[in-house]
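Trainee: I am new to this structure and would like to go through it with you, one question at a time.

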Amino acid sequence: MLLVLLVALFHGPALNDGFVYDDHWTIIDNAFLRRPANVLSVLSPEPARQMVPDAGRPTLLISELFDHALWGLSPRGWHGQNLFWHAAVVAAFFVGLCGLGTGFLIAFTAAAMFAVHPMSVEAVAAVNYREDLLAAFFILASLAAVAAARRPSRGRAWSLGMRAVAVLSLLLAIFAKENAAVAPILLVLIDLHLESAARIRQFLRRVPDYLLLLVPVVLGFAWRGWVQGGFAIVSRTAEIPAAHQAFPQTFLSGARTLVAGIAQIAVPVAFSPDYADPSEGKAAIALGVATVLALCAGLVVAIRLGRRQPLVGLGLLFGVAAYLPHLGLVPLTNLRADRYFYVSSMGFLLAAAALLDAAFKRLRWCAGAAVFDLPRPLLVVAVLALILGGRTLAQGRIWRNDLALWSHAVAIDATSARAWAGLADARLRRGESVEALRAVERSLALADDGHGRELRGIILMQAGDLLHAHGDLSRALSSTPPHHRAELLNNLGYCELLLKRPGDALTRFDEARRLAPRFDRPWLNAARAHDDLGEPAAAVETIRQLTQLMPESEDGKAELHRRLERLQAPAAPP
């Protein structure tokens, strides 16, 4: 109850926040979520064919369909589900540690720090990053089910049932996020560090459990390969830079980001939604190699330390193992993000709690009389939780909306083109065109890319500078990734409509509809182009086709109703 209260106190203000960051295109603009019946197709290839964001993560999609059916686009309910899952993960982490025999103080300290650590804010505050919360919960549920199946007193039927629960839980975890594939490794580490050498035979008897947990891993990735066309592809709409797909380079960069993340867990400062990629070149490679060697040395120390401090060694190895998918094994849009540490931070915080417990046992002050009816070690833990909670409240305020988020990002790193583009987008959403243009100009000065060009084109179009807007949008079209081409074609066609070129615009809308049939904007704009060409019947037929293809398009239904009413209205007398 205390742990859930900590979550409510320090993450609860997120209930008043809006949608932020990737929530705009994965939730607000995601027509797939508008039909509850789509829950029946989340395991089919259809969402991937429709270019649905996160089509490779059906557990996440199901939770979002549930939210949309209950709350529509009112963000409070969506944030409420995120808070629920974070509280559930915290509780499961605490219970799991108690089950490992850590003792109450270590279990409570680790779970309390995890509950309120600012590193978790990104995963909790952005609705779409619920994937990390879901994966963490079902990983812990799977490990707990294996532990329950091993209890000899419950009988064979109980054992088989719990192992089935373990497989199902891990499959749900992998369907939430692919990093759950490390669960068999985590189970091996737990068994190795909690079993003495004298009981190695018992460890060998548990090999079938490790093989059992490989079943949902294989099934999950085989399913993803079937529906997505690639085992590591989770969304066809994700933009993976080419530099992030070269394994040796991303592995070295991932090692550096792992060390940087561990440092932030220890000293929680300078969090950002957009960390700059590690620099390239010979010096960067040398630094990456040195970091890898340092990590290897640290793992050796952790293994040796595990003989005297098993929980410290387990925590360090658990944290590194949980981060393995982010070391270039899976293509990543960002090489570093706070949410990547959601699962691995449990291990590092367990190690920190075990070290604190060892310090408490050595300090005479901790053995003194209780203060405010609290044992002194618990008083220290309470103070530590309040300090971390204060940082979490401050970090939560940064994630309350896009403007606060990207203003903070450019304050952390003024050389990040992506951060300036995010700030320009946030300004544009608030109708601050002048400030948005300044921000996008800063972005383009740092990196002249297609996204910045498109954003500037949209800003100029809204400002009435149509010729320059058309030029920027046309240049952006030459470099846009395939999954984004339909949206850019729609924007370019809309600009041509404003330039009184309906024929050219209709060509753009037709191409956009061919690329993304279930994207309703080109259909609606194509009807407007037919109007400008003096083809009202073709306009009505276009909207009718849209409503047949996408019954969930509220704009399409409203537009068809309006047009049919206009056609049926009696003509005005001469």
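The questions and answers below concern a predicted model, and they turn to its nonpolar core, its salt bridges and a surface patch.

Trainee: Which helix gives the most residues to the largest nonpolar core?

Mentor: The largest nonpolar core has 92 residues, and those with the most contacts inside it include Phe93, Phe114 and Met346. Methionine 346, leaving aside its neighbours within four places in sequence, is in contact with Val89, Phe93, Phe114, Ala136, Leu140 and Phe318. The helix that gives the most to the largest core, with 11 residues, is H6 (residues 104-116).

Trainee: How many residues apart in sequence are the parts that glutamate 441 and arginine 456 tie together?

Mentor: The side chains of glutamate 441 and arginine 456 meet in a salt bridge, at 3.1 Å from N to O. Because glutamate 441 lies in helix H20 (residues 433-446) and arginine 456 in helix H21 (residues 450-463), the pair ties together parts whose separation in sequence is 15 residues.

Trainee: Is arginine 456 buried or exposed?

Mentor: Glutamate 441, with a relative accessible area of 35%, is partly exposed. Arginine 456 has 15% relative accessibility, and since buried means under 20%, arginine 456 counts as buried.

Trainee: Which helix gives the most to the nonpolar patch on the surface?

Mentor: The patch is formed by Leu204, Val207, Leu211 and Leu214, which together have about 340 Å² of accessible area. Leucine 204 lies in helix H11 (residues 200-205), whereas the helix that gives the most to the patch, with three residues, is H12 (residues 207-228).

Key. Residues numbered from 1 in each chain as written. Predicted model: local features only at pLDDT ≥ 70, side-chain atom pairs only at ≥ 80, totals over all residues. Heavy atoms only, no water. Patch = residues over 30% accessible without salt bridge, like charges linked within 9 Å, V, L, I, M, F, W, Y side chains within 5 Å. Areas by Shrake-Rupley, 256 points an atom, 1.4 Å probe, with all protein chains shown as cover. Salt bridge = Lys/Arg side-chain N within 4 Å of Asp/Glu carboxyl O. Helix = DSSP H or I, 4+ residues; strand = E, 2+ residues; numbered from the N terminus. Core = buried A, V, L, I, M, F, W, Y, C linked by side-chain atoms within 4.5 Å. Buried < 20%, exposed > 50% of the residue type's maximum accessible area, 1.4 Å probe, protein only. Contact = heavy atoms within 4.5 Å.
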